[in-house]
Amino acid sequence: MGRRVGMEVSIAAAEAVALIDVDVVAAYPITPQTHIVEHLSELVANGHLDAEFVPVESEHSAMSVCVGAAAAGARTFTSTSAQGYALMVEICYIASSMRLPIVMVMANRAMSAPISIWNDHADMMLARDTGWIQTVAENGQEVVDLLIHAYRVAEDHRVLLPVIVNLDGFILSHVIEPIELPSKEEVQKYLPPYKPALRLDPKNPVTMGPVGVPEIYTEAKKAQDEALKNSKKVIIEAWEEFAKHFGRTYRPVETYKCEDAEVILLLMGSIAETAMRAVDAMRARGKKVGLARIRLFRPFPVEELVSTLKNARTVAVIDRALGFNGHVGPVCAEVKSMLFDHGLTPYVWNYIAGLGGRDVTVENFIEMVDMVEAKAAKKEPMGYEIINVRE
Amino acid sequence: MGIASEALKDFKGFTMKNIPSVEPLSPGHRACQGCVEILALRLALKAIGTNVIVASATGCMEIVTSPYPQTAWRVPWIHVAFENAAAVISGVESAYKVLARKGRISPEDKVVFLGYGGDGGTADIGLQALSGALERGHDIVYICLDNEAYMNTGIQRSSSTPYGAMTTTSPPGKKSIGQTTWKKNVPAIAAAHDIPYVATASPAYPLDLMNKVKKAAMVPGPAYVHIFSVCPTGWRHPTNIAIEVAKMAVATNVFPLYEVIDGKWILSRKNPKPKPVVDYLKMQRRFAHLTEEEIEKIQARVNAEWEALLERCGEKKEPAPEGAEPSGE
């Protein structure tokens, strides 16, 4: 039987990794993910988790150790944030191209400079094009559940791709929440042992990571692209199975009061809980506002978002990172191209909010909805705006 | 007795009569004519045998052995990136350790975990990952195949390029003599990690090389072998004299052969009558521009390094302190 605990979310993430019975943990400290590897080191030290804890000298080596360990047939975990992710990103491309089911928690943090240890999604955006599956948690329970789900998806032979479980640094990683931790037996029933498709084994030699000449590189990349596209059905199937085992239902996009909504707030991560209160407040005033939250960021949940947004007149996409392209934030760019592809033409305005740990309040969301309606009414050219800036 | 000495106490070396016929690295690869680096790798693999997992850094040896769909590897091999072979093989070793403990892989003969890289992948960009792997004490063998420049990308200088050498990024000119810094001493850096086994080797002395690699594979914990890997393409000399060049490097004390076992430095060849360094330099066009003055400077440096090595190996008697009574009188 599982147990209900009040627990810091980072500690719960580490506990989930132990329930998953990983074999190798590569660990390098960086705020705000540090509590996760700290607690894992304790679990290994006290014999609660039988794993090799490899305290590497950098995030670059953390991911390199993960690649070696996963290639040798071990279930592998690491965790990082921001600059640490930037240091490991070179190897992250290789991990996904080599189809190694590594799972990583990214405690999302702003990218330097100026140096900031606080939360936004710039690091998650750096991971956008690396070929990893990415999920985004709203609360501590989701962190635990998405981690268990991540291994089931990653290790499925129809997928064999690495997964990042994103959680908002500090805002989520350092809060104490009520969390239901399943038992090890329950996790084992849901998550079979890792059976690698290929492994480094002297009895059956394979060459991994060879030179890709121009005659084969494109084909290799197409195969990888198809693996990521096809992973979506396995991801959804694994969530459906998860519901049967643990009673909690997950889907690629979570909606709140969207059915009749004229204005939809579209966002990712823990600010959804604040946005929900704003939606309630606006509904109380008779405004038809809804909220859509992207839980599956990679592969991008196109069908789910199209069906959510198809009747909305106005959409406010809230990015937690800049795109530095001069015209749109990274998530909004994808939303707009998706709408164009499907012939949908709502008014879309892009807000950049909560950079480097700046608080995003209920009032901010109400203001965003008021502003986007005014802009839509005046048919202003669509664009973006950083909110909550002290001028 | 230290852990390496303990592991090596019954060591039986290879002789001309019992060189293994096994070729874990097969012929048919795409290395240049006269490449001594591929020879070094081949000899190392012969010494280890087939119960091995190999992690390769990006470099000549990765490129020439693995263009898909061909492979020259008859043993499991993985290439990830330029700077992380030591970290990747650490991961493989960690996985084997835990999977064996958990009973998920059958008990088998001791698998050797081998990482290798060129001098760029070892002395420069890969030094951090190597240091981390050595410091953490993984049971791995790391081999540096030192051809003294970035040969894979077309002969650019590395921190292992010797003073005065011409490369495409250390060209000699009116204001430069070529490489302006002295060769980085990576074996000494490895030894400073207090690992059980460090050695230098050269394919010009194949039995010595194979025996050192075998020892490296036998000792528990990290072992480092630095192999002099002559590159006719980059060093600008005929392919048929590559082994002679390698021999001359040892004969002139430019590349001395030694071991560090449990921290104890041991000379492999004492070389009482070293040849002048100029004999080595004049064999290669990469040094063709050097003046007599520069050659003297290099000779002085080689002498000083040799003296320091002799001292480390306990081969040099301490001079009697001034004013001391002459002994035996």
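Which residue of strand 16 of chain A is the bridge partner of Ile352(A)? I looked this up at the start, keeping in mind that the model is predicted, and found that Ile352(A) has Ile386(A) as its bridge partner in strand 16 of chain A.

**Entry 1: the sheet with strand 16 of chain A**

I then followed the pairing outward and noted that strand 15 (residues 347–352) of chain A runs parallel to strand 16 of chain A, the two being joined over 3 bridges. Both belong to an open sheet of 6 strands in chain A, which I read in the order 10-12-11-14-15-16 and which has mixed pairing. Its edge strands are strand 10 (253–256) and strand 16 (384–386) of chain A, each of which pairs on one side only. For the twist I recorded an average of 20° between neighbouring strands of this sheet, with direction ignored. As a reminder to myself, strands of a sheet pair through backbone hydrogen bonds, and the pairing is either parallel or antiparallel.

I next asked which helices lie across these strands. Helix 11 (residues 330–341) of chain A lies across strand 11 (263–267), strand 12 (289–294), strand 14 (314–319) and strand 15 of chain A, and its direction is at about 145° to strand 14 of chain A. Helix 12 (residues 362–377) of chain A lies across strand 11, strand 12, strand 14, strand 15 and strand 16 of chain A, and here I noted an angle of about 140° to strand 15 of chain A.

**Entry 2: the 7-stranded sheet of chain A**

I turned to an open sheet of 7 strands in chain A, whose order is 3-2-4-5-7-6-13 and whose pairing is mixed. The edges are formed by strand 3 (52–55) and strand 13 (296–298) of chain A, each pairing on one side only. The twist from one strand to the next averages 20°. Within this sheet I looked at strand 4 (residues 76–80) and strand 5 (residues 103–108) of chain A, which run parallel and are joined by 4 bridges, with Phe77(A) standing opposite Val103(A) of strand 5 of chain A. Helix 6 (residues 140–155) of chain A packs on the sheet, where it touches strand 4, strand 5, strand 6 (133–136) and strand 7 (163–168) of chain A, and its direction makes about 170° with that of strand 7 of chain A.

**Entry 3: pockets**

For the largest pocket I noted a volume of about 990 Å³. It is lined by 29 residues, of which Ser97(A), Met98(A), Gly209(A), Pro210(A) and Ala220(A) are the closest to its centre. Helix 4 (82–97), strand 9 (207–208) and helix 8 (214–246) of chain A each supply at least two residues of this lining, and the largest share, 7 residues, comes from helix 8 of chain A. By class I found 19 nonpolar, 6 polar and 4 charged residues in the lining of the largest pocket.

The second largest pocket has a volume of about 540 Å³. It too has a lining of 29 residues, and those closest to its centre are Lys183(B), Asn253(B), Val254(B), Pro256(B) and Glu305(B). Helix 12 (292–312) of chain B is one of the elements that supply at least two residues, and helix 12 of chain B gives the most, with 8 residues. The classes here are 18 nonpolar, 4 polar and 7 charged.

**Entry 4: helix 10 of chain B**

Asn253(B) led me back to helix 10 of chain B, which is followed by Asn253(B) with a positive phi, near 70°. In helix 10 (residues 242–251) of chain B I found Ala242(B), Val245(B), Ala246(B), Met248(B), Ala249(B) and Val250(B) buried. The buried residues of helix 10 of chain B pack against helix 2 (36–48), strand 8 (223–228), helix 9 (232–235) and helix 11 (277–281) of chain B.

**Entry 5: cavities**

How many cavities of 30 Å³ or more does the structure hold? I found 2. The largest cavity contains about 40 Å³ of space, and its lining includes Lys110(B), Phe113(B), Asp139(B) and Val219(B). Strand 3 (112–118) and helix 8 (206–218) of chain B are the elements that give two or more residues to this lining, which has 8 nonpolar, no polar and 2 charged residues.

For the second largest cavity I noted about 30 Å³ of space. Its lining includes His121(A), Met125(A), Asp319(A) and Arg320(A), and the classes are 5 nonpolar, 1 polar and 2 charged.

Methods. Residues numbered from 1 in each chain as written. Chains lettered and ligands numbered in written order. Predicted model: local features only at pLDDT ≥ 70, side-chain atom pairs only at ≥ 80, totals over all residues. Heavy atoms only, no water. Buried < 20%, exposed > 50% of the residue type's maximum accessible area, 1.4 Å probe, protein only. Contact = heavy atoms within 4.5 Å. 1 Å grid on protein atoms, 1.4 Å probe; cavity = no way out; pocket = protein on both sides within 12 Å on 5 of 7 lines; lining within 4 Å. Points joined across faces, edges and corners; volume = space filled by probe spheres on them. Nonpolar A, V, L, I, M, F, W, Y, C, P; charged D, E, K, R; others polar. Pairing = 2+ DSSP bridges. Axes fitted to C-alpha atoms, helices over the stretch in contact; angles between N-to-C directions.
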